[in-house]
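This report begins with a pair of side chains within one helix, moves on to a second set of charged residues, and then turns to the chain as a whole. The structure is shown first.

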Amino acid sequence: MPNTQYEERLGTDRMLPLVFRMALPAVAAQLVNLLYTLVDRVYIGHIPGIGTDALAGVGVTSSVIILISAFSAIVAGGGAPLAAIALGQGHRERAGKILGNGFVLLVLFAVVTSTVSYLFMKPILTSIGASTHTLSYAVDYLSVYLLGTLFVEVAVGLNTFINCQGRPGVAMCSVIIGAVLNIVLDPLFIFTFDMGVKGAALATILSQACSAVWVLAFLTSKRASLQLERRYLQLDRRIVGATLALGLSPFIMASTESLVGFVLNGSLERYGDIYVSALAVMQAAMLCVSVPLTGFAQGFVPVVSYNFGHGNRERVKECFKIVVTVMFLFNFLLVLLMILFPSLVSAIFTSDAHLTETVTRAMPVFLAGMTIFGLQRACQNMFVALGQAKVSIFIALLRKVILLVPLALLLPRWMGVMGIFAAEGISDAVAAICCTTIFAFFFPRILARMKVA
């Protein structure tokens, strides 16, 4: 019999300490993971003579990279909550099938996305904003990065299955190992070996490979209460369907960031590469807010899912009160600091005075609506934790597809280049208000339908 003491604590420990004990390692892991992006961009932005163009080129590739890694969110955000619900219900075999099927899906996603991206690399990069000055840097970075797609999918997609076993510390280690290695290898490959942006990409995929090995080593060991077993690797239509249905919302949340990159970079390129570089800086700044919130969600979702499956209505409500308070306040305060001091944020990534001035003008407009976005992150992840696929899919589509893309195409007609940046702020604010309203309507009804233990 597997040792279930860790996962059982999800249903018995005091809620406030439990949420933070689960969430803080995941937040720490995500903050360290953020260094993958930030360290790459800091080093690349300071390459003598080519830093600004190289930064723009790598910024363009982020749209493709986000789309590729978004497929891991189908398994991480769809499979892991379903596994946690199954564990809460005592259905261990179903949880094992969800994990095994998730692994097979990640391998398939890696093969398909890397192949398509490599075959159509230049047309894709050109269509999303790479210019004649920046295309070569984008191709150099992406051509190396695609070699490690499988490592990225496995490391990100399966790590949440460690969390749902009540082992956030183990999950945190997998990310820290990769991020620390990336920090060490980046300057070595970029400057010492004079590999430029190719060196940055190589450092990233080697680091992700180490993270993937760590995750697989744990999930196939006796330390895991939910193990990755060969007998569960055969795809089950019902398991795959349930994973895809719930995972579609996290996938849309992640992939629409790529869609936005396609639209924003393509629109900004008409006004000059300096605006593409500015967007790369501001999106990196946004990650400083969204990544910790993602980590916090990875911590609390297993708690909610387990107690939902176990039929403990009061613990679900108690968890939500903690989550919405923490996520809103953290998001609000950090975004406010960035709006008030944009030049300090820009200085981290570049010493180019023109780029800093552009970021200083655009960032308050770009981030204004994100001040209340913590509400959406809390409510949307609660929907996922509760297995509410249809509602979470709509909310995921609302912010980026229904609001941001049309606004980014229309507002420049009246506001010029600032209209592109304003589209982000407006869509963030409207989506947060709508999501919170929808959640306030549905949450009591979901609780009323729960099977109470």
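## A pair within one helix

Helix H4, which spans residues 92-119, holds both Lys97 and Glu93, and the two are four residues apart, about one turn of the helix. The model in which they are seen is a predicted one. The side chains of Lys97 and Glu93 meet in a salt bridge, with a distance of 3.9 Å from N to O, and this value falls within the 4 Å that the salt-bridge criterion allows.

Neither partner is buried: Lys97 has a relative accessible area of 26% and is partly exposed, while Glu93, at 47% relative accessibility, also counts as partly exposed. Side chains of opposite charge can pair when their charged atoms come close.

## A buried network between two helices

What links Arg399, Glu424 and Asp428? These residues are joined in a network of salt bridges, with Arg399 taking part in a bridge to Glu424 and in another to Asp428.

The side chains of Glu424 and Arg399 meet at 3.1 Å, N to O. This pair links distant parts of the chain, with Glu424 in helix H18 (residues 417-449), Arg399 in helix H16 (residues 389-410), and their positions 25 residues apart in the sequence. The side chains of Asp428 and Arg399 form a salt bridge at 2.6 Å, N to O. Because Asp428 lies in helix H18 and Arg399 in helix H16, this pair ties together parts that are 29 residues apart in sequence.

Are the members of the network buried or exposed? Glu424 counts as buried at 2% relative accessibility, Arg399 counts as buried at 8%, and Asp428 counts as buried at 0%; buried here means under 20% relative accessible area.

## A loop residue with positive phi

Asp194 is found in the loop between helix H8 (168-192) and helix H9 (196-219). The phi angle of Asp194 is positive, at about 55°, although the residue is not a glycine. Asp194 is exposed, with a relative accessible area of 66%.

## The chain as a whole

The secondary structure of the protein chain comes to 18 helices and zero strands. The radius of gyration of the chain is 21 Å, close to the 22 Å that the globule rule gives for 453 residues, so the chain is as compact as a globular protein of that length. Taken along the principal axes, the box filled by the C-alpha atoms is roughly 60 × 45 × 35 Å.

Of the 453 residues, 59% count as buried. Among contacts in the protein chain with a separation of 6 or more, 84% are accounted for by residues 24 or more positions apart. The chain exposes about 17600 Å², and carbon and sulfur atoms supply 68% of that area.

## Charges over the chain

The protein chain carries 30 positive and 21 negative side chains, and the centres of the two sets lie 13 Å apart. The count of salt bridges comes to eight, including the one between Lys97 and Glu93 and those that link Arg399, Glu424 and Asp428 in a network.

Notes:
Residues are numbered from 1 along each chain as its sequence is written. This is a predicted model: local features need pLDDT of at least 70, side-chain atom pairs count only at pLDDT 80 or more; totals for chains, interfaces and linings use all residues. Side-chain values use heavy atoms; hydrogens and water are left out. The radius of gyration is taken over C-alpha atoms; the globule rule is 2.2 Å times the number of residues to the power 0.38. Buried means under 20% relative accessible area, exposed over 50%, partly exposed in between (1.4 Å probe, protein chains only). Contact means heavy atoms within 4.5 Å. Accessible areas come from the Shrake-Rupley method with a 1.4 Å probe; for residues, only the protein chains shown count as cover. Lys and Arg count as positive and Asp and Glu as negative; His and the chain ends are not counted. The place of a charge is taken as NZ of Lys, CZ of Arg, CG of Asp or CD of Glu.
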